[in-house]
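Work through the exercises below with the sequence and the structure open beside you. Each task is followed by a solution that goes step by step.

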Amino acid sequence: MEWLRLLILLFTFLNHVSSWGSVAAGSRWEVSQLTRELMDSAREPEFFDWLKRVRRTIHENPELAFEEEETSRLIRSELDSLEIGYTWPVAKTGVVASIGSGSQPWFALRADMDALPIQEMVEWEHKSKNPGKMHACGHDAHVTMLLGAAKLLQRKSKEIKGTIKLVFQPAEEARGGAYHMIKEGALDNIQGILGLHISPEMPVGTIGSRPGLMLAGSGRFSVTIHGKGGHAASPHLATDPILAACSTIISLQQIVSRETNPLESRVVSVGFVDGGQAGNVIPETVTLKGTFRSMTSEGLYYLQQRIKEVTEMQASVHRCTATVDFMLEKMRPYPATVNDEAMYKHAKSVGETLLGEPNVKLLPMAMGAEDFSFYAEKMAAAFFMIGTKNATFVSKTDLHSPFLVIDEEVLPIGAAFHAAVALSYFDNVDAVVTH
């Protein structure tokens, strides 16, 4: 009778496998239906026109870090019209809205709000009205996509099996707004979070990311080299800070080229030099500003230490002194952005259902930095790029460019992707949450 017992066990196992397959297939079908419904809703002409109006209004009125008063006011007005509750102010201008039952689990969607100190050079109807300020990193689109998700989610609020937090964050550009949102408790008790960022290098209709390490950690530094001014005809009577600055810049490059394992990724770049007012006068001081980046916290710390040592020693060699400021409070260093693997897989799966598997790209690691990394240190996080490139018109393919142009077809895609990832999260929460 042993063969009969084994046969019964085998039959039972196969029956369970069949059931698991049916559940998985059913779940995939439900996600497919959900994503199709959300995308169709976001692409309705009235909905799409609203998205474009919102984005263009924000684009015309760019505001710098922690100054996003009008942007915050627009967000709150749209949330009020949707009858969505929110907390404000958070980290000066931030807004955190809530949709759903109010009960656990809590999942968050994030958009950054601030612009850059760049003069827009694109001539179009909705060009920036604020001189010297521009949404050159796409944060106007980020806010719009999240507001679009808010409208989609509010329509399904009774179906949400938990709570979705909509995080409208200030000051991503160098000022660490995410850190301040966390410090003020805005993301307490949240298990998972998704962030989107436009990519003008990727075609509209595509998204991309990678599991694990994605973006570098970064820090800033400012150096003032002090010498003794004098006439350029008598350099022996002066102490030349320009010569010291030149030697410092060259020597800083050797930290990466001669002190770093060639298989590790690190960067030290000086992007600002200011010294002197006339060609025949040696100035008193020279100022340098730059950035340093690494894929590890240890790497960041090493670069910080060596930048200080090299700068001070080079100044001393040229009979000058140097003050090195890492601006740890004003421009807090960003840790590396690390995607939680389970959260990445969840968002990737939703993206493949929404856009098709070939349109979800595996991206390489990059030395860019994002303060979304602060969220990733606290909860299961996934950060995705979303394409804005349109081959039918010429657009500058660099972020932080005064010529940046995006295809607004990205807006309904981003709104639907945000909403779909959040809604389906609750059906798969045990598998997604690994923190």
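For the first exercise, a rule for sorting residues is needed: Ala, Val, Leu, Ile, Met, Phe, Trp, Tyr, Cys and Pro count as nonpolar, Asp, Glu, Lys and Arg count as charged, and the others, Gly among them, count as polar. Keep in mind that this is a predicted model.

**Exercise 1.** Describe the largest pocket, its lining, and where it lies with respect to the domains.

*Solution.* Begin with the volume of the largest pocket, which is about 1,400 Å³. Next, look at the 49 residues that line this pocket, of which Cys137, Glu173, Arg293, Ala369 and His400 are the closest to its centre. Sorting the lining by class then gives 26 nonpolar, ten polar and 13 charged residues. Turning to the elements, strand β5 provides the largest share of the lining, with six residues. Finally, domain 1 (29-214 + 336-431) and domain 2 (217-325) both give residues to the lining, and therefore the pocket lies between them.

**Exercise 2.** Find the largest nonpolar core, and trace the contacts of one of its residues.

*Solution.* The largest nonpolar core has 70 residues, and those with the most contacts inside it are Leu109, Leu166, Phe168 and Phe417. Helix α10, which spans residues 410-425, gives the most to this core, namely twelve residues. Now take Phe168: leaving out residues up to four places away in sequence, Phe168 touches Ile75, Leu79, Gly94, Val95, Ala111, Met113, Val143, Leu146, Leu147 and Met181. As a last step, note that another core, of 29 residues, lies apart from the largest one, and that its members include Val96, Ile182, Leu215 and Ala376.

How values were computed. Residues numbered from 1 in each chain as written. Predicted model: local features only at pLDDT ≥ 70, side-chain atom pairs only at ≥ 80, totals over all residues. Heavy atoms only, no water. 1 Å grid on protein atoms, 1.4 Å probe; cavity = no way out; pocket = protein on both sides within 12 Å on 5 of 7 lines; lining within 4 Å. Points joined across faces, edges and corners; volume = space filled by probe spheres on them. Helix = DSSP H or I, 4+ residues; strand = E, 2+ residues; numbered from the N terminus. Domains from an automatic or database assignment. Core = buried A, V, L, I, M, F, W, Y, C linked by side-chain atoms within 4.5 Å. Buried < 20%, exposed > 50% of the residue type's maximum accessible area, 1.4 Å probe, protein only. Contact = heavy atoms within 4.5 Å.
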